[in-house]
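This report describes one strand and its neighbours, and then turns to a part of the surface. Please keep the structure in view while reading.

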Amino acid sequence: MSQEFGGVPIALPRSRSVYAVSVAGVLAFILFYYYYGSILTLSLLFTLLSLGFYYLQDMLLYHPDLPANSRIYVPIPKMHNLPHETINIRTPDKVTLHAFWVSQPKERSKAVPTFVYFHGNAGNMGHRMQNVWGIFNHLHCNILMVDYRGYGFSTGVPSEKGGAVVIDVAADTVYGQKIMCAIVENTFTSIPDMAVELVHPSANLIPKCCFKNKYLSSWKIGKCAVPFLFISGLADNLVPPRMMRTLYMKCGSERKRILEFIGGAHNDTWIMDGYYSGIQQFLSECQSVTTAPLEKPPEKSNVWHEIQDV
């Protein structure tokens, strides 16, 4: 918000801006009440609060600018002595996804598994290089790192259908048949469940249709048949570890494992002893599962069509 004096814009201090908007809002409601009465005023207030709650959810969930400059500075694998190529993936809706391809030496790269690495809800893929270094050197795998829409150098806007998609991909009947296994770490059962944890227990009274982002992983996970590994840090003070146990119990796969680390926090479980060896053991169990490469994307994602109104 700004005011102009003599043609030069002068920004109001933030506190004054908030105060001015608040006063203007109160005056507007007083005038509306005077002309239209209490019922219409309350209806308008309820509508505005509902719309505000619905559209501000993205600001609470997606943090592509945290830490500062995360949209203009993406650390590269070379900083950690990792070989890489920069890849730009063009989507059918003309969004460009920024990615790093980190591969083992040429001959070995053809015979080892490839991780598709999805990062968390803040920062960008470059902030996960230490973990990627461990995967590359301890597990000897290739890694495709991808920034979500609206993160790092990727264009577009983040949304539930375009980010944090591991369980969604694994639950899809087409894509799920094309991956050797899926691994999730310190993830939640759903956004409504997290609202109860982070906001107030009464949030469980809010209908699911009021949540713009639902991420109903506890529902989708039951449709997963692909081998699944759940990695849980029991010292996680953001996502309750019991949610990982719930996902593990509800997972529909016949081959599933859970690794729990007593000292693992939300963002540093990967530093715990036994982390990489546990993943390696699981990969070895899955190594016999071979699938043909997916030559073209499926025409639709049946899971997505089913859950929109849940």
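In this predicted model, strands E7 (residues 182–185) and E8 run parallel and are joined by four bridges. Within this pairing, Val184 stands opposite Phe230 in E8. Strand E8 is also joined to strand E9 (residues 256–261), by six bridges, and these two strands likewise run parallel. Here Ile231 stands opposite Leu259 in E9. Between E8 and E9 the chain passes through helix H8 (residues 241–250), and this β-α-β crossover is right-handed.

The table sets out the two pairings of E8.

| Partner of E8 | Bridges | Direction | Residues standing opposite |
|---|---|---|---|
| E7 (residues 182–185) | four bridges | parallel | Val184 and Phe230 |
| E9 (residues 256–261) | six bridges | parallel | Ile231 and Leu259 |

Is strand E8 enclosed or open to its surroundings? Six of the six residues of E8 (residues 228–233) are buried, so the strand is largely enclosed by the rest of the structure. In a regular strand, side chains alternate between the two faces of the sheet. In E8 both faces are covered: one side holds Phe228, Phe230 and Ser232, the other Leu229, Ile231 and Gly233, and all of these are buried.

The surface offers another setting. Ile72 lies in the loop between helix H2 (38–61) and strand E3 (85–90). Its relative accessible area is 62%, and because exposed means over 50%, Ile72 counts as exposed. Together with Tyr73, Ile76 and Met79, Ile72 makes a nonpolar surface patch of about 420 Å².

Terms used:
Residues are numbered from 1 along each chain as its sequence is written. This is a predicted model: local features need pLDDT of at least 70, side-chain atom pairs count only at pLDDT 80 or more; totals for chains, interfaces and linings use all residues. Side-chain values use heavy atoms; hydrogens and water are left out. Buried means under 20% relative accessible area, exposed over 50%, partly exposed in between (1.4 Å probe, protein chains only). Two strands pair if DSSP finds at least two bridges between them. A crossover is right-handed if, with the strands pointing away from the viewer, the path from the first strand over the helix to the second runs clockwise. Patches are made of residues with over 30% relative accessible area and no salt bridge: like charges are joined within 9 Å, nonpolar side chains (Val, Leu, Ile, Met, Phe, Trp, Tyr) within 5 Å. Accessible areas come from the Shrake-Rupley method with a 1.4 Å probe; for residues, only the protein chains shown count as cover. A salt bridge is a side-chain nitrogen of Lys or Arg within 4 Å of a carboxyl oxygen of Asp or Glu.
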